[in-house]
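Subject: The structure you were waiting for

Hello,

Here is the structure I promised to pass on, with my notes underneath. Have a look at it first, and then read on whenever you have a quiet moment.

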Amino acid sequence: EGGGATTRDLFNAALALKEALRGRALLLIADRTDIAASVEADGVVLNDDGVPVVVARKSMNGPSIVACRVKDAEGALVAAKEGADLVIAPDSSVVAAVNSRISVPVFASPAQGWAGLLGGRGGDGKGVQPLVRAGAQGIALWSAPPDLSAA
C-alpha cells in the first residue's frame with residue numbers, strides 16, 4: 001500500500017528495491033501494474049477488487065507473474081479461471097476449500113503475520129502449521145520482518 005505516497009515515490013521505492021534485490025529474489029508489486037511494468041518487476045499481486053488478471057498481464061512487459069490475493073474460495077476460483085499464476089488465500093479454510101479444485105499454486109497468509117510464524121507479540125509461533133496441513137504451497141507476508149536482533 002502506498003499510504004499517501006505519490007506515484008513517483010512508489011516508482012522510486014520500487015526501483016530502489018529492485019536494485020537492492022539484484023535478482024536474488026522476485027519483486028512482486030501490490031496492485032500497481034503501472035509501477036510493476038515501469039520498473040520491470042517480476043510480477044504483480046492483485047486484490048479481488050483490482051483489475052482482472054488478463055488486463056494486468058497485458059500491462060506487464062514480457063513474461064510476468066500475476067498473483068491474486070483473494071478474500072474467499074470464490075475469489076480463488078475466479079482468479080484461477082482468469083489465468084492467475086498464483087493464488088494467495090487469507091486462511092487455511094480457503095486453502096483447503098480450493099486446493100484440489102484449481103491447478104495453480106495456493107499460498108496463504110498467517111492470520112497473525114510474522115508473530116504467527118515466529119511467536120511473540122500475541123503470536124504462538126504455530127501460524128504456519130494449519131496452512132501447511134490445509135495444503136498451502138507457500139506463505140505470503142505483507143510487512144517487513146521484525147528486528148530479531150533485540151530479542
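In what order do the six strands form the open sheet, and is the pairing parallel or antiparallel? The order is S1-S2-S3-S4-S5-S6, and the pairing is parallel. S1 and S6 (138-139) are the edge strands, each of them pairing on one side only. Please keep in mind that this is a predicted model.

First, the overall picture. The chain has seven helices and six strands. Read from the N terminus, its elements follow the pattern α-β-α-β-α-β-α-β-α-β-α-α-β. The chain has 151 residues, and 32% of them count as buried. If you take the contacts between residues at least 6 apart in sequence, 34% of these join residues at least 24 apart.

Now for the sheet, strand by strand. S2 pairs with S3 (residues 65-69) through five bridges, in the parallel sense. Here leucine 46 sits opposite cysteine 68 in S3. The link between these two strands involves helix H3 (residues 53-59): S2, H3 and S3 together make a right-handed β-α-β unit.

S3 and S4 also run parallel, joined by three bridges. In this pair, arginine 69 faces isoleucine 88 of S4. Helix H4 (residues 73-82) completes another right-handed β-α-β unit, with S3 and S4 as its strands. Towards the other edge, S5 (residues 106-108) and S6 are parallel partners over two bridges, and phenylalanine 107 has glycine 138 in S6 as its bridge partner. As a general reminder, strands of a sheet pair through backbone hydrogen bonds, in either a parallel or an antiparallel way.

Next, the pocket. What is the volume of the largest pocket? The value comes to about 960 Å³. Its lining consists of 28 residues, and Leu28, Ile29, Ala30, Val45 and Trp142 are the ones that lie nearest the centre. By type, the lining divides into 21 nonpolar, three polar and four charged residues. Helix H1 (7-21) gives the largest share, five residues. At least two lining residues each come from H1, S1 (28-30), S2 (43-47) and S4 (86-89).

Two single residues are worth finding on your screen. Threonine 33 lies in helix H2 (residues 33-38). Is threonine 33 buried or exposed? Its relative accessibility is 13%, so threonine 33 counts as buried, the cut-off for buried being under 20%. Setting aside neighbours within four places in sequence, threonine 33 is in contact with Val44, Leu46, Val51, Ala56, Ser59 and Met60. One of these, Leu46, is the residue that stands opposite cysteine 68.

Lysine 71 belongs to the loop between S3 and H4. With a relative accessibility of 58%, lysine 71 counts as exposed, because the cut-off for exposed is over 50%. Even so, lysine 71 touches Asp48, Asp49, Pro90 and Val94, leaving out residues up to four places away in sequence. Lysine 71 and asparagine 47 are 24 residues apart in sequence, and their C-alpha atoms are 8.4 Å apart in space.

Those are my notes for now. Do write back with any questions once you have turned the model around for yourself.

Best wishes

Note on methods. Residues numbered from 1 in each chain as written. Predicted model: local features only at pLDDT ≥ 70, side-chain atom pairs only at ≥ 80, totals over all residues. Heavy atoms only, no water. 1 Å grid on protein atoms, 1.4 Å probe; cavity = no way out; pocket = protein on both sides within 12 Å on 5 of 7 lines; lining within 4 Å. Points joined across faces, edges and corners; volume = space filled by probe spheres on them. Helix = DSSP H or I, 4+ residues; strand = E, 2+ residues; numbered from the N terminus. Nonpolar A, V, L, I, M, F, W, Y, C, P; charged D, E, K, R; others polar. Pairing = 2+ DSSP bridges. Right-handed = clockwise from strand over helix to strand, strands pointing away. Buried < 20%, exposed > 50% of the residue type's maximum accessible area, 1.4 Å probe, protein only. Contact = heavy atoms within 4.5 Å.
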